[in-house]
Amino acid sequence: MLAALSLVSPSPAFAQTVVAPVNVPVQTGSVGAVGSVPTTLGNAPLNVPQTTLTAPSLQNAAGISKTVALPAGILPGSRIATSQAAPASQAAPASSVAAAAPVAANDGVAKPAARRGVVAQAVAGVREAAAALPVIGRLAAPARGVNDNDSLDAQAEQAGRQFAAKLGFDTEDANPLGFEPWATIPNWTRVGGGSGKGGGRSKKKDGDDAPLPDPKYPSRPIKLNDTTLPSVAMRPDRPISPLLVDAIDHTNDTLYIAAYEFKDREILKALRRARDRGVKIHIVLDYDNVFPRKRPGERYRPHRSLEIQSLLNEGFDVTILKGMWRYGINHNKFMVFDGKVAEFGSYNYSWTAEGHHFENARFTDDTSHVGGFQEYWNYLRERSVSFADARAKAWPTETGEAPYDKDLSVSYKNSEGKTVKLPKFFFNPNPRAEDWVVEALDAASESIDLNAFTFRSRKIAEALVRAKERGVKVRVILDKSQNDQDATKPFRDWLAYHKIKVRILAGPDKDGPDWAQKDHNKFFIVDGKLVENGSMNFTKNAFLFNYENASFTTDKTDAAAFQAFFDDMWKNRNGKFAEVPDSEPRIPTDEVLVNELKVAADPEEPAHQWPALPEAKKIGFNGDFFPSFVMRPHHPTGAVLAQAIRASKKSIKIAIYEFNLPEVLEALREAKAKPGMDIEIVMDYLHVYPQGKDHSGNDRHRSEQIQALMDEGFNIRVIRGLKSAGSMHNKFAIFDGAMMSAGSFNWANTAENNHFENLFFSDDARRIAYYQKYFKYMFDAAVPAKDAEEVDWKEHRPGPAPIDPEVLELNGKHFPLSAASPDGQVEQVLIRAIEAARSTIDIAMFSFYSKPIADALLKAKEKGVRVRLALDEGQAKIMKLDEWFAYHGFEVAIVTGPNDHENVMFEKMHNKFMIVDGRLLETGSFNYTPNAQNNNFDNANFFLDDPMVAAFSAYFDMIFEWGWAPRPPKKAPLTAEPDFFDHLAQALDKQGVSAD
């Protein structure tokens, strides 16, 4: 995923809680192999890990253990080198990965069972296979459809569905295969879970079974029911996300959460488990993270996280809260477990906090402290509203004072005998919050160590200088990403000018992406004995207009932990001291700091107005007229299909992957009632007999519309794609043998409402004749829907798809009107089109995983062709070829769906088309993937039609502008060889490993 925005409305730097570049795809760690061998993608050298993988045991279905040694040199893919480990719930401890001398890959013929079984299981994280193939098991996102209690054969089938998604199986209904398609995140053991040296990386390698090192920093035991939690935890000294998961898993009755960010998949899974066992879960989220907004001047289009979307989809008790004025936010991050224990601190519930930040969290079982958090949560809930009401609400600019410890029960006496009384807890907004911080700083007699993510308080700055002038040792650490911002820079320079040492520090993961590296702490220590920490940055906005939490403690153990943590960060060799300016900078007065924040909130954005596209020509059909093309979101596509069905008089032939449009079902019913009407339908097997889980974890069911077709006697036949990864992925129809439609548009609500899509209509007799032949080829190979579950699909396979004669010509190369898969040479024709280009190539592609096509595009670019690509965001995260394109200087736009605030799981750039030299158009259902070429039933269509090409060109420009550019990676990214799985299967076959 991309870095979160703290403020999604236009904001000056002074109001920003987080300033982070966000137009960067997630990058993950590497395997850590020592040796490498060169290979190429186009002319780009690739460093391929030289690894030997040894598994202690892999039990087959009969319970016989096998020892598996995979030869070095057969792992040439970035999905191995950069993806994450399978979740702990699915994968056994992985075996070690060690450097090895080059060994030639084994020859031999791959057994289908090897690829279908162990490889697919390892891809999906099945326990036995992942133990044997730990690196392969990290290839894809975790598969929630795999049940460890099933037989290995059953697990292989479930894993095959996950594997299908990995290699280009479309996910138009967001998640038809039951896997979670969010960006892979680095496992904490790979990004610094160990030494506690202020950012030292863990010494534990992927697949190492050695126990984690003990945390360096001290803590007290905090009991929650039958588990024990630490009173203090810091990143990267110890993992925090697993502690939260453990706390949630040991909650029995109630869980209250207030969260600014929520981007942690494991915490989401723990919340599901808690809900399923009856825990009452109540959550208040930040408005700007639920409804993020594009910043002025930036192309990146932020969207709510998939984890937040899951909470909304799955019926959790969630309300939304916005802070005061334009820049106020609900910046809390705390949980209350069973009214017994509370957790709080700087730690956002996100993968960036776990993997790339310096952070802190505290657990407390102090009765009054926990009660304070519960009272504050109630205060937040009273001011929050439902998701449905949040965008329309007129959010107030003032609110009642937040709760605090009215007993001021923390008493601190310094070495000079001065005593100060402070609240154990206080919550913002509260105008006294800043004064309590100042009182604590004024009580210092020996030292002040302050660590601030962002800093904009004149009162606190002056208190630090007063302390310095009375002989107190003052040290300040500021976050690197914030210190040059207009908000923080004057205060940084002012402190440095007054002889306070200010150190600038980024995050602990020096090998990770720069944009994610943060020192995200907000705490200070007085005399090594008094600690303040919480969610609260040291800014006027945090004190007055945000919802925040903060705490004081004099506990010796906790104070010692914070002091040691600060000392290690101060010594971190990646930090640097702020330069001392020649003259005293000016910092704003208190009045200015307050008034600059009192800016009215931005109004909600109106619905986006899409630019007009060239008008489509009209096609006459049975007295009605149809457009030669339809594009979403401009045109109501389902209604046009229903119109074509109603206009038909004799026959309708349909090959459709997904179907749930009610208006089209009604049109089919009307057509079926016509005398002599012949309707034949070929559907994808896994939509007629769905398997696995949906994005909510529920069993999948066929759509009501498909069920109605079956119940009402429509002539439906079903076919499954080749191998476990294949599907019947077409979306076309032939009406009376006189007009046809095809394109990327599934007959589905998500395609209608949430996608960029295209559909064309044609009355070209030659094109229709080919589709008649292709339909018969599929229909004859398919089986009646009622019999489909009984078919052995491994044996029930047709030959290659029919090939259309070549009738179009561009720049001396010839092309068919249409091409189809499997094995219908579609990829070869696409490469021929790329080779024909002389000036421009524009590609809008949902799923792109074809190395041969990428190679051809690189060669075209190197000979001077301008190549632009618009890639779907969700698929780009999985495939990683966006990084390769960006590295090689292609013009790339990462694109979401057309709606900024709709269900993020459904928002897709689902087109699959290419325009060459502004003259040749290719469009259809064919993704640029090996799966589409070899295993799917798919189609591609070629046009030399000036008006149609002009419309698609304007449409491409619109989509490209809607997206944003990924940041080029620093190093040449690895990319998977297309025959990688064949090599692996051969190696497994040589070792005698099979799931059969």
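**Salt bridges and helix packing**

Asp 787 has a relative accessible area of 29% and is partly exposed. In this predicted model, Asp 787 forms a salt bridge with Lys 786, and the closest N and O atoms of the two are 3.2 Å apart. Lys 786 has a relative accessibility of 68% and counts as exposed, because the cut-off for that class is over 50%. Asp 787, at 29%, is partly exposed because its value lies between the 20% and 50% limits.

This pair is one example from a longer list: the structure holds 46 salt bridges. Side chains of opposite charge can pair when their charged atoms come close.

The chain as a whole gives the setting. Its secondary structure comes to 31 helices and 49 strands. Of its 996 residues, 65% are buried. Among contacts with a separation of 6 or more, 75% are between residues 24 or more positions apart.

A salt bridge between two strands comes next. Arg 866 pairs with Glu 891, with 2.7 Å between the closest N and O atoms. Arg 866 belongs to strand S44 (residues 866-872) and Glu 891 to strand S45 (residues 891-895), so this salt bridge ties together parts that are 25 residues apart in sequence. Both ends are partly exposed: Arg 866 has a relative accessibility of 43%, and Glu 891 has 30%.

A salt bridge between two helices follows. Asp 435 and Lys 459 form a salt bridge in which the closest N and O atoms are 3.1 Å apart. Asp 435 sits in helix H12 (residues 432-442) and Lys 459 in helix H13, so the pair ties together parts that are 24 residues apart in sequence. Asp 435 counts as partly exposed, at 29% relative accessibility. Lys 459 is likewise partly exposed, at 29% relative accessibility. The two residues also belong to a network of salt bridges that links Glu 434, Asp 435, Lys 459, Lys 540 and Asp 590.

How do the two helices that carry Asp 435 and Lys 459 pack? The axes of H12 and H13 are 9 Å apart, at an angle of about 5°. H12 is therefore roughly parallel to H13, a description used for angles under 35 degrees. On the H12 side, the contact is made by Glu 434, Asp 435, Val 437, Val 438, Leu 441 and Asp 442. On the H13 side, it is made by Lys 459, Ile 460, Ala 463, Leu 464 and Arg 466. By class, the contact of H12 with H13 has six nonpolar and five charged residues, and no polar ones. Asp 435 and Lys 459, the salt-bridge partners, are both among the residues of this contact.

Helix H13 also packs against another helix. The axes of H13 (residues 458-469) and H15 (residues 489-497) come within 10 Å and cross at roughly 15°. That angle makes H13 roughly parallel to H15, and the crossing is right-handed. From H13, Arg 458, Ala 461, Glu 462, Leu 464 and Val 465 meet Phe 491, Trp 494 and Leu 495 of H15. The residues of this contact divide into six nonpolar and two charged, with no polar residue. Leu 464 of H13 is listed in the contact with H15 and also in the contact with H12.

How values were computed
Residues numbered from 1 in each chain as written. Predicted model: local features only at pLDDT ≥ 70, side-chain atom pairs only at ≥ 80, totals over all residues. Heavy atoms only, no water. Axes fitted to C-alpha atoms, helices over the stretch in contact; angles between N-to-C directions. Helix = DSSP H or I, 4+ residues; strand = E, 2+ residues; numbered from the N terminus. Parallel < 35°, antiparallel > 145°, perpendicular 65-115°, else oblique. Left-handed = near helix turned anticlockwise from the far one by under 90°. Contact = heavy atoms within 4.5 Å. Nonpolar A, V, L, I, M, F, W, Y, C, P; charged D, E, K, R; others polar. Salt bridge = Lys/Arg side-chain N within 4 Å of Asp/Glu carboxyl O. Buried < 20%, exposed > 50% of the residue type's maximum accessible area, 1.4 Å probe, protein only.
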